[in-house]
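When a protein model includes a bound small molecule, it helps to ask what surrounds that molecule and how the parts of the chain are arranged about it. The report below takes up these topics in turn.

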Amino acid sequence: MSDRLHDAFAYRADEDNTRVLHVEDVPVPSIAQRLGTPFYCYASATMVDLYGRFAAALEGTRALICYALKANDNLAVIQSFARLGAGADVVSEGELRFARAAGVPAERIVFSGVGKTEAELAFALDEGILQFNVESAPELARLNAIALDKGLRAPIALRVNPDVAAATHDKVSTGRRHDKFGIALERIPALYAEAARLPGVTLMGLALHIGSQITELSPFETAITRVVELALRLKGQGLPLTRLDLGGGLGIDYGDDRPPSVKDYGALLSRLTAKLDIELAIEPGRALIGPAGLLVTRVVYLKEAGDRTFVIVDAAMNDMLRPALYGAEHPALPVAEPDPRAPQGPVDIVGPVCESADTFARDRLMPPLQPGELIAFGQAGAYGAVMASSYNRRPLVPEALVKGTAVATIRERWGYAEMLARERRPDWLA
Ligand code: LLP
């Protein structure tokens, strides 16, 4: 497990000349003092850097970078990307509302998802979004009807299921034949021709998304090649096709991963779509925000049990679900810089929730740790805070955004009073 994090995170001397992990120019312990633990914090510089890499990699193409809100839907995070020129990929009315509230123009928003409800379709139509990525024939029919009712035309792409295995965790693979996503490649031509005749929709093109945390280029290459061939065929039949949405999915390095560079990914997209000469959209989430975030937690106890050493921390599976759900491993760094000569030993880093799944790392080599010490989990900006719950009546964790020497709380920790206030007692218990 490597400790490589983005340059915005480094051990540096603080005011007392103690070397501690910093987020840009802010010592992590100072944020812990302000927010309490556990908390998420994000580095603006990383977001700017990563967005810049995508923009540079796609230079020369007509590509819109639609940040996938599901990776991290904090308003300030969305707004940070919107400021850089990003559009948004949303999958619910809630995400659409947050994208708009963060200042993303409607004409830069694509709406994906297999289960868009009538209310969601109507809302998005009224907002005037760029494109609906339609995932089934019934959705197409419903959208057409709603648009006609409103006297509007819905701009649509059909989402293709290219039947490609994305070499990622089974739970986040979306482009195989048996996955619930998209429309089978061979069914597209007929449905596309049918859509072209519908008065309530305007056909923009095709959309694709094959999965997440993809660490090789080959699945992208296979899927995009199939979609480009299909697009050429449809255009050849005189059907309108002006945009390809190639989805998200580029992986990041959680320690042992060697994902392709954004530059190589962009070069592949440019090369494969060159002969079409059309607009592109991409929907990266993790690769834009994952490396920008830390989850910071405090050691509560050290516990020896049999041959194991448990480091019990105050963050739990409800705060960051990825290890419990996918067996994901995030880098774990002591916030106080360890002495390089300190002996490392294997420990299990676990949370307080009453499930064995509440384990962040097993047999992780760590220097000696003390109760009260801070640990930072890296690469935690994506699918961290968004997947948190209040399981075990633990309040949702706060989030902070750093920019240079400035720190802003961008979401407050939930309060117990707030949690209690939302509950209702039925009359018969009164
Ligand atoms: N577009 C669509 C239609 C998607 O379904 C997704 C992710 C994305 C874009 C963004 O993919 P990304 O660039 O972030 O890989 N909770 C899981 C990941 C689920 C991803 C779901 N869809 C995890 O923690 O690994």
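The shell around the ligand is made up of six nonpolar, seven polar and six charged residues. This is a predicted model, and in it 19 residues surround the ligand, the closest of which are Ser-212, Glu-283, Arg-322, Tyr-326 and Tyr-383.

Some of the polar contacts with oxygen atoms of the ligand are set out here.

| Residue | Part of the residue | Distance to a ligand oxygen atom |
|---|---|---|
| Arg-286 | polar backbone atom | 2.8 Å |
| Arg-322 | polar side-chain atom | 2.6 Å |
| Tyr-383 | polar side-chain atom | 2.6 Å |

On its own the ligand has 580 Å² of accessible area, and the protein covers 91% of this area.

Where does the ligand lie with respect to domain 1 and domain 2? The domain assignment of the chain gives domain 1, which consists of 9-43 + 292-421, and domain 2, which consists of 112-284. Both domain 1 and domain 2 give residues to the shell around the ligand, and therefore the ligand lies between them. The C-alpha centres of domain 1 and domain 2 are 36 Å apart, while eight residues of domain 1 are in contact with seven residues of domain 2.

A further feature to look for is the second largest pocket, whose volume is about 410 Å³. This pocket is lined by 18 residues, and those closest to its centre are Arg-53, Ile-252, Asp-253, Pro-259 and Pro-291. Sorted by class, the lining of the second largest pocket has nine nonpolar, four polar and five charged residues.

Note on methods:
Residues numbered from 1 in each chain as written. Predicted model: local features only at pLDDT ≥ 70, side-chain atom pairs only at ≥ 80, totals over all residues. Heavy atoms only, no water. Near = heavy atom within 4 Å. Polar contact = N/O pair within 3.5 Å; in protein donor to acceptor, adjacent residues only side chain to side chain. Areas by Shrake-Rupley, 256 points an atom, 1.4 Å probe, with all protein chains shown as cover. Nonpolar A, V, L, I, M, F, W, Y, C, P; charged D, E, K, R; others polar. Domains from an automatic or database assignment. 1 Å grid on protein atoms, 1.4 Å probe; cavity = no way out; pocket = protein on both sides within 12 Å on 5 of 7 lines; lining within 4 Å. Points joined across faces, edges and corners; volume = space filled by probe spheres on them. Contact = heavy atoms within 4.5 Å.
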